[in-house]
Every structure is written in C-alpha cells, then in structure tokens.
Amino acid sequence: MSYLKFEKALMTNLEESLPKELLRTNRSGAYSCSTIVDCNIRKYHGLLVVPIPELDDENHVLLSSLDCTVIQHGAEFNLGLHKYQGNNFSPKGHKYIREFDCDKIPTTIYRVGGVVLKKEFLFQNYEDRLLIRYTLVDAHSATTLRFRPFLAFRSVRQFTHENSTASREYHLVDNGIKTCMYAGYPDLFMQFSKKNEFVFQPDWYRGVEYPKEQERGYASNEDLYVPGYFEMNIKKGESIVFAASTSEIRTTRLKKLFEEEVSYRPPRDNFFHCLVNAAHQFHNRTKDDDRYILAGYPWFKARARDTFISLPGLTLSIEEVDYFELVMKTSERALREFMEGKTVTGKIYEIEQPDVPLWAIWAIQQYAKKCGRKRCIERYGQLLRDLVHFIEDGKHPNLTLEDNGLLRTEGREKAVTWMNSTANGRPVVPRTGFIVEFNALWYNALRFVASCAEEDNHLDDAKHLEQLAERCKQSFVDTFLNDYGYLFDYVDGNMMDWSVRPNMIFAVAFDYSPLDQQQKKGVIDICTRELLTPKGLRSLSPKSGGYNPMYVGPQAQRDYAYHQGTAWPWLGGFYMEACLKLYKRTRLSFIERHMAGYEEEMAYHCLGTIPELFDGNPPFHGRGAMSFAMNVAEILRSLELLSKYKYQ
C-alpha cells in the first residue's frame, strides 16, 4: 500500500480533503500548487506559478487551473472544482474521484459511469513547465475530453478581476495555443501530445474565492479568464499529455519527456523519503548558477538566517555535501560583500541581521563534523576567522563586543532576531541588549574557530580567541542564569526578561556550551515542562505573561501570536540534540516517540512536508506557510542524530 494514498471516502468529503495541499517545484523558483482535489484555496495556488524578474521580485500565477470534462453520448461530466462566493462549490468534480496516490507522482483516478480516467501530473525539473498525463483506463463507448484553462496572469500577492485591458489575442502553435493577457508577461504555451481542436470562447468566471485568504483576514475573491476550450477524442488505453509552459515544445516529445521526468522522481514511500523530497523543493538555482535555499513556500525567499540554520539538515544530513558547498559558495560571496561594505549581489536577503554571521559559523561547524576538520579548514578556515574578527572589531552595524566578552544588539525599534514579527512598525517581542542565543552562538563560534585556527597553525589567533571565549563563558553564566535555574531571554541594563522562551535551549544544544552539566539539566527540565509539545518547542511558556498560542484571525491578531506561544519544529530539533548530548542513549525512546508527532504531518496540510508553525495548544494545528525549510531541516538532522546515538 502507498504511503500517501487516499480513498474515495476522504476525497469526496471536502471537509477532509480540501485542507490537504500539494506542492511541486522545479528548483528555479517556479512551482505548481493546489489541493489534492484540484480546488485552489489560496491566492498563491496555481498550476503554473513562475518568477518574472523583468516585472518584479515576486512569483506570478499564469495558469490557475485546468478543468477536464468527460463527454459520452452528448452528456458532459466536468471533473473540475472551484469555490465561489457564498460557500458554493462548482462543478463538484471531486465526487467522481475514486482514489488519490502521491507515492511517486500525484495520481488521481476518476470514475464517471463506465469511464475510468487516470490523471498524473509533475513539474519539469529546471524548466517552467507543468506536465499532466491523462490516460483512459476504461470506457465502453466513444469518449471525448474537453479542457478549459483558467488564466490569472497576476502576482501571487494580488488578484485579477474582469477588465477590458486583458488581451484576448491568441496564436495557434503545435497542437495548442499561446496567449498573453498583459504586456510585460511572457507568453503562456498550452499544448497537447495529440492533435486537437481549440474553440475560442472567451469568458470571465467571476467570484472565485480563496478560503485561506479569508482565514487570514485578507481580500479573498477574484475573476479568472477562460479563453476557450480544447477538445479531442481519446480511446481506451490511450494517454494524452498536456503541457503548460513559458516556452514552446515539440509536442512529439511530450510523452517521452513525461516518462523521463517520472524516472527521476524518488518515491515518497516513508517518512524519511518524504522529508528528502521536501528538502529538494527548497533548492533554488538561478540563471547565473547561484544556489540558494528558499526559506519556505509559498511566499518566502532566500533569507540569510534561514539559509544557515537549515543548510546542514537539508544537505549534510541526507549525504548531499556537494549542495552544501554550492550554497555556501554563493553565501560566502554575499557575506564578504556585506563585510566589505559593498552592495550585496544575488538574491540572499536580510544578511544584515546581527546573528547571520554567527549562524554561518554554526553551519560550517556542522560541515566540519560531516567532512572532517581538514577539508573544512581548507575550504572555510579563512572565512571563519574573518567572520569572528569582523564581529570582534565592531564592524557589524548592530553587534558590539562589550568588555565582559558578550555581544550587545539594539532591537528596540526593529526586530533583529528570528522572533521578527512586528505590529504598527515595532517589534512584538522587542529583544534587545544581551540576547541569549546570540551569545550562545558567540561562545560556540569562538571555541570552534579557535580550535580550527590552532589546527591550521594560527596559534596566536587561536590563543586570543580562547581567551575571549573564557571571558564570554563566565559573563554568560553571570548575566543569563537566574535563581530559578533557567536563562533570561535577554538582558538590557537593569531590564531582565524573565519570560520562559525556547532560545535558551541553544546554550545546551551547541557543541561548545558555557553551562556546566547541572545548569544544562535545569534548562532542559524547564523546556520539557513548559515549552515542549508534539510539534516542537513553544515560543513562550503558558505560565508567562502574554501567552497567545493560536495563530488564527486577521494579520494583526496573528502577528501578536506569532512568537507568543506557537510551536516551532525547528526549535524541537535543537531540544532533541540537547537531550541526546546530556542524557545520551537513555533518551532515545523518548525522542523516537516525539518524532512520530511529525510523521503524522506527512498526510496533513501540505503532503510530505512540514508547515511553518503550529498552534501551541491542542490539537496543535499546522499554520502559516505550507512548507518551511528550517522545520524540515531540523527534523532531518534529528533523525541523523538519533541514528548516530542508536548505533554508536
């Protein structure tokens, strides 16, 4: 039985099937995304969504959906599904679905009377092209298929509405048409592997509604343009391939191309394989051959902090060292441009955030553990020393090394940590001064870079960094450890934040910790009692003021909840690492049970991946972005750590 398979009872029940999303990407920023019943529920959904750099820095929905109609004896059965205003669904094609399987490529089986139609779809690797294969498995009489494309031609951030500006012009191409609704957009090519008739019948379908946008308190409806329909006969056992792309293709290639693309697809037949597949979806390769890690889908770009936190889990933990090196090559260029005060080229964002160089060092540290110190020093030894001295010399605009050996950051007016939600232009959680994870990262960086410098025969540098680390260690304990055995989240002069937050866990999880064994135990104990959920660590304890665990409602309401009690799986990864380091094999079964809480997510929300965050209270519903790189990465890294401790 397939790992990701759903039967008729679930598929025809929209309450169960509609929340389940499906994402396919092509490594160049384009994607195809909808629900498993092909009903778009977000403005970000679409069959062909592509970046158009000539217009802006956003993705754009070209082809929103494609309705297939089965025609027999003059009777029409539309397999499409759209939600319209007033909670109306039409044409309710989901009632014909018999099963859905996502083991290798998404496959839907429809049954209409005596007709059994199989639909399989995939997104071509490295090309902005969607491929859908329709196979007539069974039919007792002559059958015709009609395809009606719904076009949007708009940014994922906007909506389209009926207007007189949209071009109705189209041109015939090989077994299809090309069309473009607005100037500045590329042509959309819609082609079939079989000769067909295109009937020009332009119309607007008005009031299409997206419930996910309603939930988020945004505008939620639009009009979609249908230029007409394609029609062709199909025989029992015959397959027809549809292609939607920004470039024309020779249609005699389509069937072979589909088979080739299928052969490249790894199976999603277990938890680990699903996560590996999800990891690959964050890969992003530009025309300049730069490599990035996208922070998540559908709206995140390549953010520097997310890149360095997720890079080890998404690459090293699945034996893909080469991609780590490719991303780090692009990232090192950006880091050096930033350190030299130059304009940062490329597409890596938020590199000015103060903890970014510290997380870069942590990522390289994981590389050293995987590939050996020698190889690490050869590749990154100079970068490591340059990053540390850049910070030490006070060249970062928002990091100051104080006399006590700790780093100070200004975060009152602008969010500078991963807890970056804002309301009315100000941080919801204004963490400032000495921030606990910044200084845990700093101590870990000093010790790691010192050991690398010593191995690379930079002995004076190594000695100097060790002295800095010793000063940092004592000050860390004096500054952050409180009388209740846990760590302040930040300290700013006489202001000490007593909130119980998960950021203290890093001081236990990192290879070099300023805490002794008893202090580590105190941190883990309070994280276990007050922050641990089946979906990671809460961002705030229920016992702390301002606890707001439900990430629901309009944008402002969600901003206030974002880091005030919601649960984050990537933090759970560092918690598990801390447990394994302190308790070794005695915690293996505990962590294995905890991982089961993530495996059940493979069949919820977006299939085969992990969403951005979860409510902090039961039933811990997934929220936010449908697929989040740091979460996938840390679960993969946790699985690798689990395996190491299990078999050591």
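Colleague: Let's start with a hairpin: how many residues join S9 to S10?
Modeller: Bear in mind that the model is predicted. Strand S9 (residues 97-101) and S10 pair in the antiparallel sense, with 4 bridges between them. Asp101 sits opposite Thr107 in S10. The hairpin goes from S9 to S10 through 5 residues.

Colleague: And on the other side of that turn business, which residue in the turn between S10 and S11 has a positive phi?
Modeller: S10 and S11 run antiparallel and are joined by 6 bridges. Val112 stands opposite Val115 in S11, and the hairpin puts 2 residues between the two strands. The positive phi, about 60°, belongs to a residue in that turn, Gly113.

Colleague: Is strand S10 largely enclosed or largely open, and how many of its 6 residues are buried?
Modeller: Buried here means under 20% relative accessible area. Strand S10 spans residues 107-112 and is largely enclosed by the rest of the structure, because the buried residues among its 6 number 5.

Colleague: Which backbone oxygen lies 2.8 Å from a polar atom of the Arg154 side chain?
Modeller: Arg154 belongs to strand S13 (residues 143-155). With 4% relative accessibility, Arg154 counts as buried. A polar atom of the Arg154 side chain lies 2.8 Å from the backbone oxygen of Lys43.

Colleague: On to the empty space. Which strand gives the most residues to the lining of the largest cavity?
Modeller: The largest cavity holds about 230 Å³ of space, and of its 23 lining residues Asp38, Leu47, Ser65, Leu66 and Lys119 lie nearest the centre. Strands S3 (31-35), S5 (59-72), S11 (115-123) and S12 (129-138) are the elements that give two or more residues to this lining. With 5 residues, the biggest giver is S5.

Colleague: How many charged residues are there in the lining of the largest cavity?
Modeller: By class, that lining divides into 12 nonpolar and 8 polar residues, plus a charged group. The charged count is 3.

Colleague: What is the volume of the second largest cavity?
Modeller: Its lining consists of Arg303, Arg305, Asp306, Trp418, Asn420, Tyr562, His563, Trp568, Phe628 and Met630. These divide into 5 nonpolar, 2 polar and 3 charged. The volume comes to about 80 Å³.

Colleague: Now pockets. What volume does the largest pocket have?
Modeller: Among the elements around the largest pocket, those giving two or more residues to the lining are strands S4 (46-51), S20 (283-285) and S22 (296-297). The lining has 16 nonpolar, 9 polar and 14 charged residues. The volume of the largest pocket is about 1000 Å³.

Colleague: Which helix supplies the largest share of the lining of the second largest pocket?
Modeller: This pocket has a volume of about 620 Å³. Of its 25 lining residues, Trp299, Phe300, Arg303, Asn420 and Tyr562 are the closest to its centre. The lining divides into 8 nonpolar, 6 polar and 11 charged residues. The largest share, 3 residues, comes from residues 555-561, that is, helix H14.

Colleague: There's also an open sheet ordered S27-S28-S29. Which strands stand at its edges?
Modeller: The 3 strands of this sheet pair antiparallel. S28 (residues 490-492) is joined to S29 by 2 bridges, and Asp492 has Met495 in S29 as its bridge partner. Two strands have a single partner each, so one side of each is left without a neighbour in the sheet: those edge strands are S27 (434-435) and S29 (495-496).

Colleague: Last one, cysteines. How many disulfides does a search of the whole structure find?
Modeller: A pair of cysteine sulfurs has to be within 2.5 Å to qualify. Searching the whole structure turns up a disulfide count of 0.

Colleague: So how far from Cys527 is the nearest cysteine sulfur?
Modeller: Cys527 is in no disulfide, and the nearest cysteine sulfur belongs to Cys579. Cys527 counts as buried, because its relative accessibility is 0%. The sulfur of Cys579 is away by 8.8 Å.

Definitions and conventions. Residues are numbered from 1 along each chain as its sequence is written. This is a predicted model: local features need pLDDT of at least 70, side-chain atom pairs count only at pLDDT 80 or more; totals for chains, interfaces and linings use all residues. Side-chain values use heavy atoms; hydrogens and water are left out. Buried means under 20% relative accessible area, exposed over 50%, partly exposed in between (1.4 Å probe, protein chains only). On a 1 Å grid over the protein atoms alone, a cavity is a set of points where a 1.4 Å probe fits but cannot get out, and a pocket is an open set with protein on both sides within 12 Å along at least five of seven lines; lining residues have an atom within 4 Å of a point. Grid points are joined across faces, edges and corners, and a volume is the space filled by probe spheres set on the points. Ala, Val, Leu, Ile, Met, Phe, Trp, Tyr, Cys and Pro count as nonpolar, Asp, Glu, Lys and Arg as charged, and the others, Gly among them, as polar. Two strands pair if DSSP finds at least two bridges between them. A polar contact is a pair of N or O atoms within 3.5 Å; within protein, one must be able to donate a hydrogen and the other to accept it, and residues adjacent in sequence count only if both atoms are side-chain atoms.
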